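Hello,

Here is the structure I promised to pass on to you. Please have a look at it, and then read on for my notes.

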Amino acid sequence: MPADTQKMMMTASPWDRWYSTRCCLCCHVRTGTIILGVWYMLINAVVLLILLTALNDPEQYHLTSAELANDLDVMDDANMCIASAISLLMILICGMATYGAYKLRPAWIIPFFCYQIFDFALNTLVAVSIVVYPNTIQDYLQQLPENFPYKEEVAALSNVCLVVIVLLFIGCILGFKAYLIACVWNCYRYVSGRGSSEILLYVTTNDTTVLLPPYDDSVSVPPKQAPPPYTTVTA
């Protein structure tokens, strides 16, 4: 292997091996981030609309403690106001990510990426808490309303079976969330490269990834030493 190729391989960081401008097999990471941001905005807009409707007509959406089979009243006005504020903040963050991906503004994508990291960490803590305290699943099932679908059938399962099912479900969610985090991070790197006019080119072989400089930079770099002047040799 040539020495220049070995040197370029050594300078490429391990993160560059996972860098890709494609997501979902056929979509560009920039387009995928825009679609993801719009999707999150629509979900939070629907949630905000429901919460505002509930605040306008509290009797229709109010759940009493008897219906929840516990001593908590989770749908009071204070909690709904907090949830509405969170939904409004999420719409703003998702809108910033969509605008940043569309207008090539990498700083606007950072808040949405931080939200994804926080959400992933929160779901990981839920999975860890289920492993440490498996009885919490049964306690949660007891708090559900009596008319909840399939409550008796699920409660009849053993704790081990419930833990395995819940962990498999959370594991699938965590894997999907990790993939979306990688897509948004790759979009941030792509937008940062486009914004600074330093797009990196990658040549991928069977087991190596070589980092190449941009073509324009390679052409514009002057030679280190000028060639010797041409002289005519006469006999």
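Below is what I found, starting with the whole chain and then moving to single residues.

Please keep in mind that this is a predicted model.

**The overall picture**

The protein has 235 residues, and 25% of them count as buried. Its secondary structure consists of 10 helices and 4 strands. If you follow the chain from the N terminus, the order of elements is α-β-β-α-α-α-α-α-α-α-α-β-β-α. About 16500 Å² of surface is accessible, and carbon and sulfur atoms supply 68% of that. Among contacts with a separation of 6 or more, 67% are between residues 24 or more positions apart.

UniProt, in an unreviewed entry, lists four stretches under "transmembrane region": residues 34–55, 82–102, 109–134 and 154–176. I looked at two of these in the model. Residues 34–55 are 100% helix and 0% strand, with 31 Å between the C-alpha atoms at the two ends. Residues 82–102 are likewise 100% helix with 0% strand, and there the end C-alpha atoms lie 30 Å apart.

**An aromatic cluster**

How many aromatic pairs does the structure hold? The count is 6. One of them joins Tyr40 and Tyr115: the ring centres are 6.1 Å apart and the planes stand at 80°, so this pair is edge-to-face. Tyr40 belongs to helix H2 (residues 29–56) and Tyr115 to helix H6 (residues 110–132), so the pair ties together parts of the chain that are 75 residues apart in sequence. Tyr40 is buried, at 16% relative accessibility, while Tyr115 is partly exposed, at 22%.

Tyr115 has a second ring partner, Phe112. The centres of these two rings are also 6.1 Å apart, but their planes are at 40°, so the pair is tilted. Phe112 and Tyr115 are 3 residues apart in helix H6, which puts about one helical turn between them. Phe112 is buried, with a relative accessible area of 0%. Taken together, Tyr40, Phe112 and Tyr115 form one aromatic cluster.

**More on helix H2**

Helix H2 is also where you will find Ile43. This residue is partly exposed, with 38% relative accessibility. Ile43 belongs to a nonpolar surface patch together with Val38, Trp39, Leu42 and Val47, and the patch has about 450 Å² of accessible area in total.

Thr33 is in helix H2 as well, and it is buried, with a relative accessible area of just 2%. What does Thr33 touch, leaving out residues up to four places away in sequence? The residues are Ala101, Cys183, Val184 and Cys187.

**A salt bridge**

In general, side chains of opposite charge can pair when their charged atoms come close. This structure holds 1 salt bridge. Asp119 and Lys177 form it, and their closest N and O atoms are 2.5 Å apart. Asp119 is in helix H6 and Lys177 in helix H9 (residues 159–195), so to speak a link between distant parts of the chain, 58 residues apart. Are the two partners buried or exposed? Both Asp119 and Lys177 are buried.

**Two more places to look at**

In helix H9 you will also come across Val163. Val163 is buried, with a relative accessible area of 12%. Apart from neighbours within four places in sequence, Val163 is in contact with Ile130, Pro134 and Ile137. Its C-alpha atom is separated by 9.8 Å from that of Thr136, a residue 27 positions away along the chain.

The other place is Leu104, in the loop between helix H5 (77–103) and helix H6. Leu104 has a positive phi of about 60°, although it is not a glycine. With a relative accessible area of 24%, Leu104 is partly exposed.

If you would like a place to begin, try Tyr115 in helix H6. From there you can trace the aromatic cluster to Phe112 and Tyr40, and then turn to Asp119, also in helix H6, with its partner Lys177 in helix H9.

Enjoy exploring, and best wishes!

Technical notes
Residues are numbered from 1 along each chain as its sequence is written. This is a predicted model: local features need pLDDT of at least 70, side-chain atom pairs count only at pLDDT 80 or more; totals for chains, interfaces and linings use all residues. Side-chain values use heavy atoms; hydrogens and water are left out. UniProt positions are given in the numbering used here, feature names are shortened, and annotations may be inferred rather than shown by experiment. Rings of Phe, Tyr and Trp (its six-membered ring) pair if their centres lie within 6.5 Å; planes under 30 degrees apart count as stacked, over 60 as edge-to-face and the rest as tilted. Buried means under 20% relative accessible area, exposed over 50%, partly exposed in between (1.4 Å probe, protein chains only). Patches are made of residues with over 30% relative accessible area and no salt bridge: like charges are joined within 9 Å, nonpolar side chains (Val, Leu, Ile, Met, Phe, Trp, Tyr) within 5 Å. Accessible areas come from the Shrake-Rupley method with a 1.4 Å probe; for residues, only the protein chains shown count as cover. A salt bridge is a side-chain nitrogen of Lys or Arg within 4 Å of a carboxyl oxygen of Asp or Glu. Contact means heavy atoms within 4.5 Å.
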